[in-house]
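This report follows the charged pairs of one protein chain first, and then the strands and the core around them. Please keep the sequence and the structure in view while reading.

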Amino acid sequence: MEAYNVGISSAEVGVFNPADGTVTGWTQIAVYKNTLKHVEEPGAETNHFEAGKSSPVKTHFENGMEKITFQIPKTDPDSLKQALDGDVTTVSGVKSWHKKKGTKKPIIRAFRYTSLDGTLVTVTKGQWNGSRNTDGSETAIWLMDITVTVLDTGFPLISDVIVKEPEEEEEV
């Protein structure tokens, strides 16, 4: 089945278990329209030459690093905690988000998104890095800029990235 992979219909964040490589607790997150980009950098190429030769006798290739960038339009305390870590407190029924002090610790989570045609892309283990992008003008909204760097799962049989084609719809 041909897939054109246009747009995003949904995105989710999950909990990666470093003990066995499984992912649980998928929860939906809001992604700001037309901001998700999933890019694999060009891989490294190393050429090995024999003395006096202009063409390599062997070339070694390595995959490039993958990163996903997107923006989240929800900046309530719970969304800030989910994306940027920190703490949420509730006083008199009002929630507040508190940014952690000191050195930023790695945020390791799974991430998956579905294109409008149903293609499912899953990053089993990703390192999240985010920041608030606050524009106080009347024609803008507050956003969070997120970068997810794909990491090795640490398990040879568990893929770092999985792309699953849309399921065929049955004819009625």
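A search of the whole structure, which is a predicted model, finds 3 salt bridges. As general background, side chains of opposite charge can pair when their charged atoms come close. The table lists the pairs with the computed distance between their closest N and O atoms.

| Salt bridge | Closest N and O atoms |
|---|---|
| R112 and E12 | 2.6 Å |
| D78 and K95 | 2.6 Å |
| K100 and D87 | 3.8 Å |

**The charged pairs in their surroundings**

The salt bridge between R112 and E12, with its closest N and O atoms 2.6 Å apart, links distant parts of the chain, since R112 belongs to strand β9 and E12 to strand β1, 100 residues apart. Is E12 buried or exposed? E12 counts as buried because its relative accessibility is 19%, and the cut-off for that class is under 20%.

In the pair formed by D78 and K95, whose closest N and O atoms are 2.6 Å apart, the acidic partner lies in helix α1, residues 77-84, and the basic partner in strand β8, residues 94-98, so the salt bridge ties together parts that are 17 residues apart in sequence. D78 is partly exposed, with a relative accessible area of 39%, and K95 is likewise classed as partly exposed, with a value of 43%.

For K100 and D87, the closest N and O atoms are 3.8 Å apart. K100 lies in the loop between β8 and β9, whereas D87 lies in strand β7, residues 87-91, so this pair ties together parts that are 13 residues apart in sequence. K100 counts as partly exposed at 45% relative accessibility, and D87 is partly exposed with a relative accessible area of 38%.

**Strand β9 and its two partners**

Strand β9, which holds R112, spans residues 107-115 and is mostly covered, with 8 of its 9 residues buried. On one hand, β9 runs antiparallel to strand β1, residues 8-16, and 6 bridges join the two; on the other, β9 pairs with strand β10, residues 120-133, in the antiparallel sense over 7 bridges.

Which residue of β9 is the bridge partner of V13? That residue is F111, and F111 also stands opposite V123 in β10. The hairpin of β9 and β10 has 4 residues between the strands, and there G118 takes a positive phi near 100 degrees.

**F111 and the nonpolar core**

Leaving aside residues up to four places away in sequence, F111 touches A11, E12, W26, I29, L36, I68, F70, V121, T122, V123 and W128. E12, the salt-bridge partner of R112, is thus one of the residues that F111 contacts.

The largest nonpolar core has 21 residues, and F111 is among those with the most contacts inside it, together with I29, I68, F70, W128 and I146. At least two residues of this core come from each of β1, β6 (66-72), α1, β9, β10 and β11 (143-150), and β11 supplies the largest share, 4 residues.

T149 is also found in strand β11, and T149 counts as buried because its relative accessibility is 16%. Not counting residues up to four places away in sequence, T149 touches M65, E66, K67, K125, G126 and Q127.

**The chain as a whole**

The chain has 1 helix and 12 strands, and along the sequence these follow the pattern β-β-β-β-β-β-α-β-β-β-β-β-β. Among contacts with a separation of 6 or more, 59% are made by residues 24 or more positions apart.

A compact globule of 172 residues would have a radius of gyration near 16 Å, but this chain has 20 Å, and its C-alpha atoms fill a box of roughly 75 × 60 × 40 Å along the principal axes. Buried residues make up 27% of the 172 residues, while the chain exposes about 11800 Å², of which carbon and sulfur atoms supply 50%.

Notes
Residues are numbered from 1 along each chain as its sequence is written. This is a predicted model: local features need pLDDT of at least 70, side-chain atom pairs count only at pLDDT 80 or more; totals for chains, interfaces and linings use all residues. Side-chain values use heavy atoms; hydrogens and water are left out. Buried means under 20% relative accessible area, exposed over 50%, partly exposed in between (1.4 Å probe, protein chains only). Two strands pair if DSSP finds at least two bridges between them. A salt bridge is a side-chain nitrogen of Lys or Arg within 4 Å of a carboxyl oxygen of Asp or Glu. The radius of gyration is taken over C-alpha atoms; the globule rule is 2.2 Å times the number of residues to the power 0.38. Contact means heavy atoms within 4.5 Å. Accessible areas come from the Shrake-Rupley method with a 1.4 Å probe; for residues, only the protein chains shown count as cover. A nonpolar core is a set of buried Ala, Val, Leu, Ile, Met, Phe, Trp, Tyr and Cys residues joined through side-chain atoms within 4.5 Å.
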